[in-house]
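Notebook open, model loaded. I want the overall layout down first, then the strands, the rings, the charged pairs and a bit of surface.

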Amino acid sequence: MQSELWQKAVTYAAIGSTQAEDLLRHPPAGYRPLERTARIGHGIARYEYAWLAALTWQIQRNSGFRVTLTDAPPEVTEASYTPVSFDDSGEPIAPASTSEGDEVVYGTDGTRMLAPGDTAMLGIFLGIKFPVRVIYVVDEPRRRGFAYGTLPGHPEDGEEAWLVEHRDDDSVWITVRAFSRPANRAWWLINPVLRVFQEFYTRRYLRALAGPIS
């Protein structure tokens, strides 16, 4: 049942490996890596819009997914790992905007910002569902985003990340990084279809934040 998703463990061992700089050259054994980057605009307004949208599931929603969040007991989300970021001098950076004390932070459309440990069910046409869990959140002054990992019932095993970056030339970019493989023998039989599906939605992800700023 969806209400029990928070109790499930992710279906792969290399948790957090989408952060590895050498992911494309050395992915987790048995997994296929992917990385795509696209420019989505220019300026601080675009960056603020893009990262707020990314951290409220708008990349997925704008790409055609229905996102249904699953509540977990507070002690589960409170125990989730929140990564620490560092500046150029090695000093720790406090999370910029995704949390403030014990308060829950919401996006401009009233959607609660996601956090490590959050569990969701993504749905598309034909009733296909993709249960996932947020693994980590990147919350730096000029780079923000998140990654989720697959849960039992997902067609694939692996992890996918979406990162929004505000570069020194004031341009704004989105990067999608992932490693995956079919979840079981049945899905392996249609692995070429899964690859086409992944490429199709990756292209949608790259365009999801490039439209008019609302």
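**Layout.** I read the elements off from the N terminus and got β-α-α-β-α-β-β-β-β-β-β-β-α-α. My tally for the chain is five helices and nine strands. Note to self: this is a predicted model.

I then checked burial over the whole chain: 45% of the 214 residues count as buried. For contacts with a separation of 6 or more, I find that 65% come from residues 24 or more positions apart. The accessible surface comes to about 11200 Å², and carbon and sulfur atoms hold 53% of that.

**Strand E6 and its neighbours.** I picked E6, residues 129–140, because 10 of its 12 residues are buried, under the 20% cut-off. On one side of my list is E5 (residues 119–123), which pairs with E6 in the antiparallel sense over five bridges. I looked up one partner here: leucine 122 bridges to phenylalanine 130 in E6. The E5–E6 hairpin has five residues between the strands, and leucine 126 in that hairpin takes a positive phi near 65 degrees.

The next partner is E7 (residues 143–150), antiparallel to E6 and joined to it by eight bridges. Here the connection is a hairpin with two residues between the strands. For aspartate 139, I find arginine 144 as the bridge partner in E7.

**Rings.** How many aromatic pairs does a search of the whole structure find? I get 13. I opened the one between tryptophan 57 and tyrosine 148, which is stacked, at 6.4 Å centre to centre with 25 degrees between the planes. The two come from distant parts of the chain, 91 residues apart: tryptophan 57 is in the loop between helix H1 (44–54) and helix H2 (58–62), while tyrosine 148 is in strand E7. Are they buried or exposed? Tryptophan 57 is at 1% relative accessibility, so I log it as buried. Tyrosine 148 is buried too, at 5%.

I also checked phenylalanine 200 with tyrosine 201, an edge-to-face pair at 5.0 Å centre to centre and 90 degrees between the planes. Cover is uneven here: phenylalanine 200 is partly exposed at 35% relative accessible area, whereas tyrosine 201 is buried at 5%.

Back to the stacked pair for a moment. Trp57 and Tyr148 belong to one aromatic cluster, along with Phe146, Trp162 and Tyr205.

**Charged pairs.** Side chains of opposite charge can pair when their charged atoms come close. I count eight salt bridges in the structure and went through three.

Arginine 177 and glutamate 35 have their closest N and O atoms 2.5 Å apart. Arginine 177 sits in strand E9 (residues 171–182) and glutamate 35 in strand E1 (residues 32–42), so this salt bridge ties together parts that are 142 residues apart in sequence. I checked the cover at both ends: arginine 177 counts as buried at 8% relative accessibility, but glutamate 35 is partly exposed at 30%.

Arginine 36 and glutamate 199 meet in another salt bridge, 2.7 Å from N to O. Which elements does this one join? Arginine 36 lies in strand E1 and glutamate 199 in helix H5, so parts 163 residues apart in sequence are tied together. Arginine 36 is partly exposed at 32%. Glutamate 199 has a relative accessible area of 19%, and it counts as buried because the cut-off is under 20%. I also see that Arg32 is linked with Arg36 and Glu199 in a network of salt bridges.

Third on my list is aspartate 118 with arginine 112, closest N and O atoms 3.1 Å apart. Aspartate 118 is buried at 7% relative accessibility, while arginine 112 is partly exposed at 29%.

**Surface.** Last stop. I wanted to know which residues make a nonpolar surface patch of about 300 Å². They are Leu189, Ile190 and Val193. Isoleucine 190 is in the loop between helix H4 (185–189) and helix H5 (191–207). Its relative accessible area is 34%, so I note isoleucine 190 as partly exposed; residues need over 30% to join a patch.

Methods. Residues numbered from 1 in each chain as written. Predicted model: local features only at pLDDT ≥ 70, side-chain atom pairs only at ≥ 80, totals over all residues. Heavy atoms only, no water. Patch = residues over 30% accessible without salt bridge, like charges linked within 9 Å, V, L, I, M, F, W, Y side chains within 5 Å. Areas by Shrake-Rupley, 256 points an atom, 1.4 Å probe, with all protein chains shown as cover. Salt bridge = Lys/Arg side-chain N within 4 Å of Asp/Glu carboxyl O. Helix = DSSP H or I, 4+ residues; strand = E, 2+ residues; numbered from the N terminus. Buried < 20%, exposed > 50% of the residue type's maximum accessible area, 1.4 Å probe, protein only. Pairing = 2+ DSSP bridges. Contact = heavy atoms within 4.5 Å. Phe/Tyr/Trp six-rings, centres within 6.5 Å; stacked < 30°, edge-to-face > 60°.
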